[in-house]
Every structure is written in structure tokens, then in C-alpha cells.
Amino acid sequence: MSLEKEKLTLAIESSCDETSAAVLRGGREILSNIISTQIPVHQRFGGVVPEIASRKHIVNIMPVIDEALTEAGVSLPAIDQVAVTYGPGLVGALLVGVSAAKALAFSLGVPLIGVNHLEGHIFANFLAAPELAPPFVALVVSGGHTALVRVDDYNRFRMLGQTRDDAAGEAFDKVARVLGLPYPGGPQIDKLAAEGEPVIDFPRALEEKGNYEFSFSGLKSAVLNYINSERMKGHALRTADIAASFQSAVVEVLTHKAFEAVQSSGLDTLVLAGGVAANSGLEARLRQEAAKRHVRFYFPDRILCTDNAAMIGCRGYYQALAGEESDLYLNAVPGLGLTDR
Ligand code: KG4
Ligand code: ZN
């Protein structure tokens with residue numbers, strides 16, 4: 001048996017449109033992190049088609065696992081534990097990863113660890129920053145979730161607030177779609193926003209002090225109404241300004257609430273997590289505000305922001321340390337939330 005810090009974790013992620021496998025040594029050393037994205041397959045449909053995603057995961061999962069082991073220079077029998085995303089996500093997509101992980105854990109006779117995908121996003125920060133340790137406040141912004149979480153310890157979290165309706169990433173994708181930009185819309189809006197000015201005043205919701213909930217559906221509707229009314233008036237759409245104004249409204253709300261949460265928690269560290277963490281406007285604004293307030297600010301590299309198995313391996317490693325293992329009845333839980341622990 002290897003020493004605790006040298007445990008080898010094989011991690012698997014298949015919750016949406018990325019098939020990924022990673023090998024980690026200990027909790028934070030990435031030996032490999034293979035990501036096979038299906039974005040080009042779904043692009044022509046304007047979003048992820050669940051049935052196609054499941055089928056592609058089935059085709060990709062074993063080659064991706066093989067590649068992760070080869071790149072890590074690790075043979076399958078050397079693996080000490082298997083971590084896998086079991087929710088939230090698309091049920092058929094999740095089941096592919098969960099089934100592969102169960103089969104591998106059973107045949108190798110090693111522990112299986114079911115991981116919450118959203119917790120994985122937070123833990124991507126531990127991979128990016130070896131010195132990072134709890135406590136801190138995490139701002140989780142992904143395609144399906146927007147939340148502020150107080151992380152007291154590796155296995156102790158408290159939800160401060162989450163979105164009442166749309167997630168930030170969902171709003172990015174919908175606005176992009178109406179502007180005729182390809183899926184996924186977030187990176188497209190990000191690029192376009194850099195060429196425009198935030199001159200249109202779109203609404204910011206729930207800004208009152210002490211409220212850590214979010215709402216992006218009103219903002220999304222306001223942008224869509226603005227676009228429709230400009231089209232009806234026969235005006236040429238200033239798409240870069242619309243993108244910049246929308247992004248600025250999202251970024252302002254996220255920044256304002258995140259720093260209020262840090263301040264009221266009496267903590268001095270903020271970490272950013274989830275696919276929207278790749279947004280350059282959000283990162284720049286949070287960084288600027290953190291410097292002003294003397295708050296330590298962490299966010300993962302782009303490759304660790306979006307869905308990947310290394311972050312699942314990191315989360316699984318800390319769960320295993322706390323004795324949190326799953327049995328072979330582990331099932332996919334598509335609606336799994338980020339709840340208090
Ligand atoms: O975390 P993630 O990869 O998948 C989920 O777990 O949901 O997040 C995907 C979301 C999509 O909505 C995508 O448009 C958004 O992250 N996203 C971005 C950027 N890159 C990805 N949103 C804004 N700016 C970006 N640069
Ligand atoms: Zn994700």
C-alpha cells in the first residue's frame with residue numbers, strides 16, 4: 001500500500017459534454033488530465049443534446065481512461081481509488097462515468113468515491129494553488145449553478161446563497177444565442193464584450209445588503225427585450241455594446257455579493273470556481289476589487305475552470321481522507337445540489 005500522500009486516484013467526469021479522466025498522485029499533483037470535448041458535435045444544435053452526449057460518452061470513456069493512464073505512466077493495478085462525478089448533470093451522461101467507475105473499482109478491489117461536480121469545481125482551486133487552504137468563500141458560477149459557499153474545512157461547507165432562477169452561465173448562453181453566436185455562448189460574449197462599452201443600463205437584481213441569493217432571469221429578459229425592440233425600430237444592433245453591458249451587469253452583481261460575503265464572514269480569501277470563472281471580465285474585476293480590499297483571490301487556470309476530471313480527483317481524495325466512500329449501489333443524481341455539509 002502506498003503512503004497516504006502518494007495515493008493514486010483515477011478520476012472520471014462525464015456530467016455534460018466533456019468526457020474526462022485524470023490520474024492524481026496525492027490530493028494535488030496532476031499526473032494526467034485528459035478532456036475530450038463534444039462541443040463541435042452539439043454546436044449545430046445550439047446546445048447540448050442529452051441523448052447524443054450519452055452516446056458519445058460511451059464511445060469515448062475507455063479511450064480517455066486509457067490515455068489518462070498512459071500519459072500518467074501508471075498501470076491500472078497501481079490505482080488506489082476511483083473517484084467519479086455522480087451529479088449534478090445529465091442523467092444518461094452521468095451514468096456512463098458512474099458505470100465505468102464502478103466496474104473499475106470492483107475489478108481492482110479499490111474504494112469508489114462518488115463526487116459532487118460542484119464541489120469538484122471549488123476543489124479545482126487546490127490544484128491551481130498548492131498553498132490554498134480553508135477557510136475561504138467560494139463563488140461558484142457554472143452553466144447550471146451560481147452560488148456563494150463558505151468553505152470552513154475540506155469537508156465542511158455552508159451555502160450562503162444561490163440563484164433563484166437562471167445560473168450565470170445559462171444567461172450568458174441564452175443572450176449569445178439571441179445575438180446569433182454559436183454554443184457555448186459564454187466565451188463568445190466574453191470576446192465580443194472586450195470590443196464594446198457597457199453603455200446600456202441593464203437591471204441588477206437583489207442588490208440589498210446581506211442578500212446572497214442571485215437572480216439572472218430579469219436581466220436575461222431585459223437584454224432580450226432590448227434586442228427585440230432595437231430590431232423592431234430597424235436599428236442596427238450594437239452587439240459588442242450589448243455584450244459588454246450584459247457582462248458588466250453580471251460581473252457587478254457577482255463581485256458585489258462575493259466581497260460582501262467575504263467581509264461578513266470575517267475571512268480574507270475568495271476563490272472563484274466553475275465554467276464562468278474563465279470569463280476575463282469577471283476575473284479582472286474580482287482581482288481589482290481583491291487588491292483594493294486586501295483579500296487573497298484565487299481562480300483556476302482556464303483548463304481547470306471548465307469540466308475536467310482532475311478537479312473530481314482532488315475532491316475525491318479529500319473525501320476519502322475523511323472516510324467518505326461510496327458503495328457499488330452508487331447512482332447518478334442529476335439534480336444533486338450544492339448543500340451544506
Ligand atoms: O462549469 P461548466 O463547464 O459546466 C457546468 O458545470 O455547467 O460551465 C459551462 C458554462 C457555460 O454556460 C459557458 O458558456 C460558460 O460556462 N463559460 C463562460 C466562459 N467560458 C465558459 N461564460 C462566460 N465567459 C467565459 N469566458
Ligand atoms: Zn461544471
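A polar contact is taken here as a pair of N or O atoms within 3.5 Å. In the predicted model, this criterion is met between ligand 1 and G144, where an oxygen atom of the ligand is 3.4 Å from a polar backbone atom of the residue. The backbone of G275 also takes part: one of its N or O atoms lies 2.9 Å from an oxygen atom of ligand 1. In the case of H117, the contact is made through the side chain, with a polar atom 3.1 Å from an oxygen atom of ligand 1. On its own, ligand 1 has 550 Å² of accessible area, of which the protein covers 88%.

The surroundings of the ligand were examined next. The space that ligand 1 takes is the largest pocket. Around the ligand there are 19 residues, and those that come nearest are G143, D173, D190, G275 and N279. Sorted by class, the shell consists of 11 polar, five nonpolar and three charged residues. Both domain 1 (8–122 + 305–321) and domain 2 (134–299) contribute to the shell around ligand 1, each with at least three residues. With respect to secondary structure, at least two shell residues are supplied by each of the helices α4 (117–128), α5 (168–178) and α6 (185–193).

Backbone geometry was also considered. Most peptide bonds are trans, and most residues other than glycine have a negative phi. Against this background, the bond between G87 and P88 is cis, with an omega of about -10°. P88 is located in the loop that runs between β4 (81–87) and α3 (91–108). A cis peptide bond is likewise present from Y183 to P184, where omega is near -10°. P184 belongs to the loop between α5 and α6, two helices that each supply at least two residues of the shell around ligand 1. A further feature concerns L206, which is not a glycine but has a positive phi of about 50°. L206 is placed in the loop between α6 and α7 (217–232).

Methods
Residues numbered from 1 in each chain as written. Chains lettered and ligands numbered in written order. Predicted model: local features only at pLDDT ≥ 70, side-chain atom pairs only at ≥ 80, totals over all residues. Heavy atoms only, no water. Near = heavy atom within 4 Å. Polar contact = N/O pair within 3.5 Å; in protein donor to acceptor, adjacent residues only side chain to side chain. Areas by Shrake-Rupley, 256 points an atom, 1.4 Å probe, with all protein chains shown as cover. 1 Å grid on protein atoms, 1.4 Å probe; cavity = no way out; pocket = protein on both sides within 12 Å on 5 of 7 lines; lining within 4 Å. Sits in = over half its atoms within 2 Å of the grid points. Helix = DSSP H or I, 4+ residues; strand = E, 2+ residues; numbered from the N terminus. Nonpolar A, V, L, I, M, F, W, Y, C, P; charged D, E, K, R; others polar. Domains from an automatic or database assignment.
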